[in-house]
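Q: Please take a close look at one part of this protein, strand by strand, and then set that part in the context of the whole chain. I would like the terms explained as they come up.

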Amino acid sequence: MSEEIKLVVQQRTEFGKGAARRARRAGKIPAVLYGHGTEPKHLSLPAIEFARVIREHGRNAVLTLDIEGDKPQLALTKSIQVHPLKNYIEHVDLQVLQRGERVEVNVPVVLTGDPAPGGLVLQELDVLSIEVDALNIPEELTVDLEDAPVGTTITAADVTLPKGAQLVTDAESVVVVVNEAPTAEAMEGETAAEQPAEEAGEAKEEASE
């Protein structure tokens, strides 16, 4: 289940792209905390510590923000904006939490075990949306495929949820299926069938040049 993780943060007084660049050079991430009718708070998160939390506990980790000049506040990461090329965190949106509150979150689906011989696993959904107590968010949802026979289909409704959690994803959505693995002969046949088509395509390209 999710842990309460403390982060010491500062309130921001400078805004705009220039201020954001200066903050990042100083090892800080610009962030906004909002929710429950409160005035948005503009914060600076410690970049290394926040990245470590996300890496080790996932995006659903419950944060206890020790805000400079204010009282501590529970929060949940709502969104993370990452630079498309340089892969650093540019901005974070945080949602105010209250104890006893239920939240809707996306939780990763992890597969364990090997299917019965001849089975090929195809995972259709990597995450499920659930509604759960904010302080009891699971880090992952597990689907056990040990010895699952060919033809097995696991839907969202089949996935075991924590006590008190409710499924938000459509219950009939397919999460994982176990298909019959292709034989070596079938794969060789497909390769052989693809070669004439590729050669024809290459010949067509050469003729058009």
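A: Two strands are said to pair if DSSP finds at least two bridges between them, and the strands themselves (E, at least two residues), like the helices (H or I, at least four residues), are DSSP runs numbered from the N terminus. The structure is a predicted model, in which local features need pLDDT of at least 70 and side-chain atom pairs count only at pLDDT 80 or more, whereas totals for chains, interfaces and linings use all residues. Residues are numbered from 1 along each chain as its sequence is written, and side-chain values use heavy atoms, with hydrogens and water left out.

The part to look at is an open sheet of four strands, arranged in the order E10-E7-E9-E12 with mixed pairing. Its edges are E10 (141–144) and E12, each of which pairs on one side only. Beginning at the E10 edge, E7 and E10 run parallel and are joined by four bridges, and one point of reference there is Val 110, whose bridge partner in E10 is Thr 142. Strand E7 (residues 102–112) is also joined to E9 (residues 127–133), this time in the antiparallel sense and by seven bridges; within that pairing, Asn 106 has Ser 129 of E9 as its bridge partner. At the other edge, E9 pairs with E12 (residues 166–167) over two bridges, again antiparallel, and Glu 131 stands opposite Gln 166 of E12.

Just where is Thr 169 placed, and what does its side chain reach? Thr 169 belongs to the loop between E12 and strand E13 (174–180), and a polar atom of its side chain lies 2.8 Å from the backbone nitrogen of Ser 129; a polar contact of this kind is a pair of N or O atoms within 3.5 Å, where, within protein, one must be able to donate a hydrogen and the other to accept it, and residues adjacent in sequence count only if both atoms are side-chain atoms. Ser 129 is thus a meeting point of two descriptions, being the bridge partner of Asn 106 and the residue whose backbone nitrogen faces the Thr 169 side chain. Thr 169 counts as buried because its relative accessibility is 17%, where buried means under 20% relative accessible area, exposed over 50% and partly exposed in between (1.4 Å probe, protein chains only). Apart from residues up to four places away in sequence, Thr 169 touches Leu 125, Leu 128, Ser 129 and Ala 156, a contact being heavy atoms within 4.5 Å. From C-alpha to C-alpha, Thr 169 is 6.9 Å from Ile 130, although 39 residues separate the two in sequence.

Two further buried residues can be read in the same way. Thr 155 lies in strand E11 (residues 153–155) and is classed as buried because its relative accessibility is 18%; leaving out residues up to four places away, Thr 155 touches Ala 171, Glu 172, Ser 173, Val 174 and Val 175. Gln 73, in strand E5 (residues 73–82), is buried with a relative accessible area of 18%, and its side chain comes to 3.1 Å from the backbone oxygen of Leu 97. Among the residues in contact with Gln 73, beyond its neighbours within four places, are Leu 33, Leu 63, Val 96 and Leu 97.

Two helices also show a buried side. In H1 (residues 17–25) the buried residues are Ala 19, Ala 20 and Ala 23, and they line one face of the helix because, seen down the axis, they fall within an arc of 100 degrees, the arc being that of the directions from the helix axis to the C-beta atoms. These buried residues pack against strand E2 (28–35), whereas the face turned away carries the exposed Lys 17 and Arg 25. In H2 (residues 47–57) the buried residues are Phe 50, Val 53 and Ile 54, which lie on the same side because their arc is only 95 degrees, while Ile 48 and Arg 55 are exposed on the other side.

As for the whole, the protein has three helices and 13 strands, and 34% of its 209 residues count as buried. Of the contacts with a separation of 6 or more, 63% come from residues 24 or more positions apart.
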